[in-house]
Amino acid sequence: MTDGQPGRVTRVVIVGGGTAGWMTAAALSRLVPSGVSVTLVESEEIGTVGVGEATIPSLLDYNRMLGIDEDAFVRATGATFKLGIEFRDWTRAGDSYLHPFGTHGRDIDGVSFHQLWLRQAALGQADLSPIGDYCLSAVAARRGRFTRPSANPQSVLSTLFYAFHFDAALYARFLRDLSERDGVLRVEGRVTAVDRNGETGFIEAVRLEGDRRIEGELFIDCSGFRSLLLGDALGVPFTSWKQWLPCDRAWAVPSERQGPPPPYTRATADTAGWRWRIPLQHRVGNGYVYSSAHIDDEDAKQALLAGLEGRALGEPRQLRFEAGRRDRLWDRNCVAIGLSGGFLEPLESTSIHLIQSGITRLMSLFPDLGFGTAEIDEYDRVMLRDYEQVRDFIILHYHATERSDSAFWDHCRTMSLPASLSAKLALWSGKARVFREQGNCSPRRLDRGVARPGHPPGVVRSARCRVAARGDRAVHGACAGDDRQDRGGDAATRGFHYPALRCAATSIRMIGTWRTGVARATSGKRRGVVAITAMLLGSLAVQGSARPQDAVRYRWTNVKVGAGGYAPNIVFSPAERGLAYLRTDMGGAYRWDDGDRRWIPLQDGNATSSYMGIESIAPDPRDPDIVYMAAGMNAAQPAAILRSADRGRTWRTTPVPFAMGGNEDGRGLGERLAIDPNQTRRLFFGSRHDGLWRSEDAGATWVKVTTFPVAGLGRPAFRKTHGGVAFVAIDPTSGGDRAGEGKPSRRIWAGVADPGATHLYRSDDGGETWDAVSGPALLAAKGVIDRRGVLWVGYASGLGPSGIKTGAVWRYEPGGRGRDVTPRAWRETGAEGAFLGVAVSPMAPGTVAVTTVDRYLQGIRSGSAATTAAFGTTWVRAATATYRRPRFSCMRARVPISDTGSPGWPSTPSIRRTSPTRPARRSMQPARYGPAAAWIGSPGATVSNRLRSSRWCRRPAARR
């Protein structure tokens, strides 16, 4: 605790593995600040409940937040793609409808499409299609087709939403591997007791078999139905919802797959509950959820086996449960996530969604050691609301039925409803009105069991209503495979973007085989009647959609900086929002004052001219007041490491024996000076001529790392230079055993820009030994590591600023495996120049920007920028700039942070100039500091400008 403020949580203990435990561990290991240890306790002897194999589109956001490659995820989990859920026999025996992800039709003038559709139905329009035909996901699902959504918002394929079916056990194993690589400590054992503080009641530790004791500050209960911590230890009561959801048992069994897997889940109503069918790559998951008060266990088991479409792959396994939730999900220093907090049957595949929701809310309200009641109360409020909204949605499926063939369905059809659901149904049954509540996550469903209103009086009666129905009918006609293109006869149809709608038939035909090798399902006849899957409670698909967002153009404006010389880089402080440092090759260093909106010179009183050439800058990752600089103009002049404890107002100067070259070729290479984020008095410096150096006392003394394979080429001849060790990048996730500060980082990367066979090296023992890492036959020019330990490297054929012929961009996983992710468009336009600008978002793993140097467009020296939010698998060009006049410029973009904490990503073009360029690295502020700012520096002569953008890139618009 400092200055009367509670200290931060540094020890998190998760009790229980499975999907909930490892989803939580993976998120914590990648999203919480470094220095927080995560320990997960589980026992192999305790099985997991694997009923959450079907998901909704929000899972895509979770995977992307963690930087999970989607193709790798699909391969590892046996996943198939999901476009919705088919409901059979729910309204009555023999009836079926599809609940797809995504939207239906288009709203007009604020009037919802379902209102327009209902009006046309009330008017008796003979050729009005079922409402499901106005949803691309529904049409594609019925035809057994799938493709990933288009990034072009004018394409009908951009309206496709999807999720996954997968093996929950394989997903937990996949996340376990990821988490343990990121430093999560797994402890095998059963919890036998819970130690609590006698005064506060807080949990202090859990005890395991063998008298082992695991201490922590924040405990997360993922122990399943037993609820070891929140329920047993803290005694938080459980509220049952059995009066509305009488199903309390389930049989589950896998079976052989028969034919290609359809891109949807199937839920079939039975006499005492319902049966699920979930197609995976390697098997089919089946189950029967039933009420033990209306059928005995053996009859339910036989009903499940009789309904299988393939041979059972084992004996059915029984699960027992009770629908409901704990009265609180966060009590004292314990948070329940998953089944330990509550259970709702997986009718709408919301089990994993509720786990994800709990994790996301915990990240947003992550506590300090004070465990403030405001954060705890807010977490409970929003999570309990989520549970109740999903509850109401599931109840609606049972209640909105016409079945009377069993006592079970008689009970469901006639039972009283929660007040919250009754209110929504009253609004709908009167005038088909729907109001979305904040945070609402349940899809709306209207089938024949819900009262069908006539034309709602609240809908505007105009010719536009009929035009709307005719206009969107173009989608239906195209999706159904015929050539009708009804343009309508009113100017209002311009709102329907007919060029996009007319391509629907072609788009559906082009939807091909799943990229994972799952065969495309055979097309069948379009089902005649589709129940209205409009919106009664809000949309799960929209909340967590995978829909690509529109590309954004950037408008840059000039702002005076007042610096001199080339500006090779701008580096942000990881410890404070808005704090950044700019280095120049002959004009010294500058600090950005976010309050006064100006650059402040830091070396006006400097008496040693050589120290005005800044080779590298490194802000302390924990203390915003501390910053280091490597200063030295060239190999023939003095060099020093400067340290400031007051943001550059005063400096401690330490002369060093290795020469620098802040004003030499290669000034645009990476940051050679690096601070260990897990032990901040430990520094590394990659010199140009004398190999790698290390300091253990905050830069006061330096020793050469003699085990580093590149010893250096020695002092160069007059007017010559070397690239040397071009950058040092330290993995923040590799700090000792993650038990807190003081444990030095183990994983260190170093790039080399001297001639030779190897240009990238890696150490896994804190710099004691080094291994060569494979890569292209190019110089490792710039390397940046993200918060999950992934290294991004820009390669170049030369030092720059001139004479670079080609380059590449590579991504390296923490385990060392590298992959070429060079933008395809750059290769297709000549592969000229290289990538000396590389920047990663600290808030969104996989979001990266790169800038080029030494490219020529029509004979004019140019630079371009590209961004990716997909780990380099796809890129979008952010800008192209040509160099027309000798002017130093510095680009700046402000990045808005969304309500969910996901960052926008600004463009990062290099600056135009007739002389050679050194595009600088652009950095971003951590999400916890709110809106971030980003700059791109470029070389110039004397007077400088800063370019500023207020727009931000939300999703790549072009394929790599």
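Here is a chat between a visitor and a guide about this predicted model.

Visitor: How many helices and strands are there in the protein chain?
Guide: Let's start with the big inventory of this predicted model. The protein chain has both kinds of element, and the tally is 17 helices and 50 strands.

Visitor: What share of the residues in the protein chain is buried?
Guide: A residue goes down as buried when its relative accessible area is under 20%. The chain has 960 residues, and the buried part makes up 62%.

Visitor: What is the accessible surface of the protein chain, and how much of it belongs to carbon and sulfur atoms?
Guide: The accessible surface comes to about 34,700 Å². Carbon and sulfur atoms account for part of that, namely 48%.

Visitor: Where is confidence lowest in the protein chain, and where is it highest?
Guide: For the whole chain, pLDDT averages 77, and 74% of the residues score at least 70. Over residues 439-556, though, pLDDT stays under 50. By element, the lowest mean is 25, in helix α14 (residues 498-502), and the highest is 98, in strand β11 (residues 218-221).

Visitor: How many contacts beyond four places in sequence does the model have for residues 737-741?
Guide: That's another stretch where pLDDT stays under 50. The model still has contacts for it beyond four places in sequence, and the count is 15.

Visitor: Which strands stand at the edges of the open sheet with the order β39-β40-β41-β42?
Guide: This open sheet has 4 strands, and the pairing is antiparallel. An edge strand has a single partner strand, so one side of it is left without a neighbour in the sheet. That description fits β39 (779-785) and β42 (818-820).

Visitor: Which residue in β40 stands opposite A780?
Guide: Strands of a sheet pair through backbone hydrogen bonds, either parallel or antiparallel. Here β39 and β40 (residues 791-796) pair in the antiparallel sense, over 6 bridges. Opposite A780 stands Y795.

Visitor: Is the peptide bond from G800 to P801 cis or trans?
Guide: Most residues other than glycine have a negative phi, and most peptide bonds are trans. P801 lies in the loop between β40 and β41 (807-812). The bond from G800 to P801 has omega near 10°, and it is cis.

Visitor: Is F371 buried or exposed?
Guide: F371 is found in the loop between α9 (351-364) and α10 (373-399). Its phi is near 45°, a positive value in a residue other than glycine. The relative accessible area of F371 is 7%, and anything under 20% counts as buried, so F371 is buried.

Visitor: Which residue forms a salt bridge with D211?
Guide: D211 lies in the loop between β9 (203-208) and β10 (212-215), and has a positive phi of about 60° although it is not a glycine. At 65% relative accessibility, D211 counts as exposed. Its partner here is partly exposed at 28%. The closest N and O atoms are 3.7 Å apart, and that partner is R207.

Visitor: How many residues apart in sequence are the parts tied together by D69 and R819?
Guide: Side chains of opposite charge can pair when their charged atoms come close. The structure holds 55 salt bridges, and one of them joins D69 and R819 at 4.0 Å, N to O. D69 lies in the loop between α2 (58-65) and α3 (70-77) while R819 is in strand β42, so the pair ties together parts that are 750 residues apart.

Visitor: Is R249 buried or exposed?
Guide: R249 meets D297 in a salt bridge, 2.8 Å from N to O. Because R249 lies in strand β13 (residues 249-255) and D297 in helix α8 (residues 297-306), the pair ties together parts that are 48 residues apart in sequence. With a relative accessible area of 18%, R249 is buried.

Visitor: What separates the C-alpha atoms of R317 and A250?
Guide: R317 sits in strand β17 (residues 317-320), and is partly exposed with a relative accessible area of 40%. Along the chain, R317 and A250 are 67 residues apart. Between their C-alpha atoms, the separation is 8.2 Å.

Key
Residues numbered from 1 in each chain as written. Predicted model: local features only at pLDDT ≥ 70, side-chain atom pairs only at ≥ 80, totals over all residues. Heavy atoms only, no water. Helix = DSSP H or I, 4+ residues; strand = E, 2+ residues; numbered from the N terminus. Buried < 20%, exposed > 50% of the residue type's maximum accessible area, 1.4 Å probe, protein only. Areas by Shrake-Rupley, 256 points an atom, 1.4 Å probe, with all protein chains shown as cover. Pairing = 2+ DSSP bridges. pLDDT = per-residue confidence, 0-100. Contact = heavy atoms within 4.5 Å. Salt bridge = Lys/Arg side-chain N within 4 Å of Asp/Glu carboxyl O.
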